[in-house]
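Hi,

Here is the structure I said I'd pass on. Have a look at it first, and then read my notes below.

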Amino acid sequence: MPNSRPRPRRGARSGAGAVGRDRLVSRSLQSAEHCLSAQDFGTAYAHYLLVLSLAPELKDDVKETFQYTLFRWAEELDALNRTQDLLGCYEQALELFPDDEVICNSMGEHLFRMGFRDEAAGYFHKAVKLNPDFNDAKENFYRVANWLVERWHFIMLNDTKRNTIYNAAIQDAVCLGSKSVLDIGAGTGILSMFAKKAGAHSVYACELSKTMYELACDVVAANKMEAGIKLLHMKSLDIEIPKHIPERVSLVVTETVDAGLFGEGIVESLIHAWEHLLLQPKTRGENGNCEKYGKVIPASAVLYGMAVECAEIRRHHRVCTKDVAGICLPTNVKFQSPACSSVDTEETVEPYTTEKMSRVPGGYLALTECFEIMTVDFNNLQLDDEHSLSTSPSEETCWEQAVYPVHDLADYWIKSGDQVMMEVSCQDCYLRIQNISVFSSEHEMDVGKDFSKDKDLFSLGSEAELCSALANLQTSKPDAMEQTCILESTEIALLNNSLYHESFKMAMRKVLSSLTPEKLCQAMDTHCQNNEMSCGSGQSNSEESIPEPFYVLDVSEGFSILPIIAGTLGQVKPYSSVEKDQHRITLDLISEANHFPKETLEFWLRHVEDESAVLQRPKSDKLWSIIILDVIEPSGLIQQEIMEKAAISRCLLQSGGKIFPQYVLMFGLLVESQTLVEESAVQGTERTLGLNIAPFINQFQVPIRVFLDLSSLPCIPLSKPVELLRLDLMTPYLNTSNREVKVHICKSGQVTAIPFWYHMYLDDEIRLDTSSEASHWKQAAVVLDNPIQVEMGEELVLSVQHHKSNVSITVKQ
């Protein structure tokens, strides 16, 4: 029997639904606006989600308000550590606005703060692709790209000699029967592709970095080898047979080595490979098909060393002064760089730094002949002398050299005929050089811990006991008040920079002197008022007649003794913003050694709720006399958010107070430098032996190279220095975000880069040059995408743009 109830007409039904939907959308919009005004961002966000799911045609109308709501709600979720909810909100937002560069960039910022650099880079990269002129996203991507694809990838891929030798060694091995190959730490996959081109039947490649793994996938596909190379996103230590690869391989290729050879874990990964992934090695003199035996490329390594004298290395790793602008550095404080410090129980630190010794500023003096330290045979076989690479400073190579700064020798001077003795070992995956001694025909000079003099050590029965005794000696402290302070190499170089500290001392004295008459007048007025009150009451308040001190705040990044210097300039209450406890203890010991009362120096972060509130008043009714800001990073870039910090600082200064530096001038010049070009991007396919890698890895190139030293950079200047930009921290109306600069060409050539540096003016007369020989700052350079041919006498026009902490320089054609 048919249904007797009348059915509504389809049109009428949909019309009623549309009316209901419109009513719900309207109410939800009103509720969202009401919640926004009440700053209930979570509820407002939920209402907007409902609106956009019901009425997607309103996307353009509510986009900006929705973004604002999302960002404010995300801030609250972040503060509450509700990470999953925060990420969920962004995922919902990106489903609605998949091509919104602002949301992509904001998602990346949150991910980066959480430590997810790979994922953050993906969102920054997408934001830049969506809007190439979006400066916030560009700056974020450039900064994270340096973390994800380290600059040595470009340098190594451009090293034709290195590529040719690896290719030849792999070809020989495959031709001799090593047909199954595992590439450990594949990077872009270049060694895997060499193996495939050589005729290997099976090629496997593992790469831990998500960014590099995805990059390798794109490169292998572009070279039409995806069917023959299996890429694994994992550590080689986690590879299992047959879960990940079907059987043991006959050849492992790898370049998981650093300047100190062992620093990337090659020993651990190869031990694991021989035990679990490689066929057994061929024994000496045994014949037979190589496919039945295991082999490793590189076959072996020989480590060489040389004792050198180098002023540039010394000033970055050894505090060479006992007096800094009148401040005595006490003997019970020992400064060390991370490369010189002993093994930390919580974190293993590389016991060396790296330098391109052929380009170290000021050069170096060889004190010994080159000597062999040790030989490491990765195959447990005889050396394969046919194909070899040298990373010597005298070779033109992509490699830097490992540098072990020497500390604590009783006498650093050596003469011809002396002998240098040292202990060399591989601990915690690092090559370590310790217990350096100098022997002469007259007497022995020793490091602070020379164990050869302790006869008891040689009576110990076992190696384990010897190691235990050494460990105890290294950690014992004869004096409870002795303090070892670990500083970054740039912080040590800063301590050694006497001009820097003398300049600040002079500039601070001038500001405080200019404020003193005002203080004296205030003190006299207060004294008169007190006298009038005492006449009427018969009492006096002597405390009120004491003038308030000058308040000085130092918010330099890292370790700084400027607050102690400020404390020597009279009635000053200095505040330091150092974070690390060992730095605070060290500053207290320096204050004590200079006879300052312990309460003279305050550590400002103990007075504020969090680091973001570091710029605030010293007291509810007081203002700062001087605020010291770090404007330039040691890398040569402008500090992030420095202009925002300056704006806050100006509001916190007393009348006549100053920000240091007061203004900064940025200078640059045009140069021709093939070195900068090759260190910034892979140059075509010729360097990579015909393999198409450049377009993929060059997506991660950044236009600015940092940590340069212009005094030793191989380049040809094509112009004189010109002023590019002014950053005025005290007088912001003098700043411009866009500027055109005419540059006169004084030498014909190809412009490939624009190096830049800064003059920091503490006042109109006192300035610091970040390119000076004593500077702890390095320089940076904009590298052009395409060289520009210029002739002497011409003029080029540079367009300089400053956005937040990012400076872009382009050549106007």
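Before the aromatic part, the cut-off: rings of Phe, Tyr and Trp (its six-membered ring) pair if their centres lie within 6.5 Å. By that rule the structure holds 18 aromatic pairs. Keep in mind that this is a predicted model.

One of those pairs is Tyr 45 with Phe 66, with 5.7 Å from centre to centre and 25° between the planes, so it falls in the stacked class, which takes planes under 30 degrees apart. Tyr 45 sits in helix H2 (residues 41-54) and Phe 66 in helix H3 (residues 59-79), so the pair ties together parts that are 21 residues apart in sequence. Are these two residues buried or exposed? Tyr 45 has 3% relative accessibility and counts as buried, and Phe 66 is buried too, at 0%. Elsewhere, Tyr 500, Phe 504, Phe 660 and Trp 777 form one aromatic cluster.

Now the overall picture. The protein has 813 residues, and buried ones make up 47% of them. I count 22 helices and 34 strands. If you take contacts between residues at least 6 apart in sequence, 72% of them join residues at least 24 apart.

On confidence, the average pLDDT is 84, and 86% of the residues score at least 70. Residues 1-13 are below 50, and that stretch has 0 contacts in the model beyond near neighbours in sequence. Residues 520-543 are also below 50, but here the model has 11 contacts beyond near neighbours.

Next, a sheet to look at. It is an open one of 5 strands, paired in parallel, in the order S21-S20-S19-S22-S23. Its edges are strand S21 (602-603) and strand S23 (653-660), each of which pairs on one side only. Helix H20 (residues 642-651) packs on this sheet, where it touches strand S22 (624-629) and S23, and its direction makes about 155° with that of S23.

Within that sheet, I spent some time on strand S20 (residues 572-576). With S21 it pairs in the parallel sense over 2 bridges, and Tyr 575 stands opposite Glu 602 of S21. With strand S19 (residues 550-555), S20 also runs parallel, and 5 bridges join the two. There, Tyr 551 of S19 is opposite Lys 573. How many of the residues of S20 are buried? The count is 5 of 5. Both faces are covered, with Val 572, Pro 574 and Ser 576 buried on one side and Lys 573 and Tyr 575 on the other.

Another region I'd point you to is around helix H12 (residues 266-276). Its buried residues are Ile 266, Ser 269, Leu 270, His 272, Ala 273 and Trp 274. What do they pack against? Three strands: S1 (180-184), S4 (251-254) and S5 (295-297).

The loop between S4 and H12 is worth a look as well. Leu 261 lies in it and, at 12% relative accessibility, counts as buried. Leaving out residues up to four places away in sequence, Leu 261 touches Thr 256, Ile 266, Ala 301, Leu 303 and Val 376. Ile 266 is also on the list of buried residues in H12. The C-alpha atoms of Leu 261 and Cys 429 are separated by 9.3 Å, although the two are 168 residues apart along the chain.

Gly 265 belongs to that loop too. Its relative accessibility is 14%, and since the cut-off for buried is under 20%, Gly 265 counts as buried. From Gly 265 to Asp 428 the C-alpha distance is 9.0 Å, with their positions 163 residues apart in sequence.

Last, the cysteines. A disulfide is a covalent bond between the sulfur atoms of two cysteines. How many disulfides does the structure hold? The answer is 0. As for two of the cysteines, Cys 104 is buried, with a relative accessible area of 0%, whereas Cys 715 is partly exposed at 27%.

That's what I have for now.

Cheers

Key. Residues are numbered from 1 along each chain as its sequence is written. This is a predicted model: local features need pLDDT of at least 70, side-chain atom pairs count only at pLDDT 80 or more; totals for chains, interfaces and linings use all residues. Side-chain values use heavy atoms; hydrogens and water are left out. A disulfide is a pair of cysteine sulfur atoms within 2.5 Å. Buried means under 20% relative accessible area, exposed over 50%, partly exposed in between (1.4 Å probe, protein chains only). Two strands pair if DSSP finds at least two bridges between them. Helices (H or I, at least four residues) and strands (E, at least two) are DSSP runs, numbered from the N terminus. Contact means heavy atoms within 4.5 Å. Axes are lines fitted to C-alpha atoms, for helices over the stretch in contact, and angles run from 0 to 180 degrees between N-to-C directions. pLDDT is the predictor's confidence in each residue, from 0 to 100. Rings of Phe, Tyr and Trp (its six-membered ring) pair if their centres lie within 6.5 Å; planes under 30 degrees apart count as stacked, over 60 as edge-to-face and the rest as tilted.
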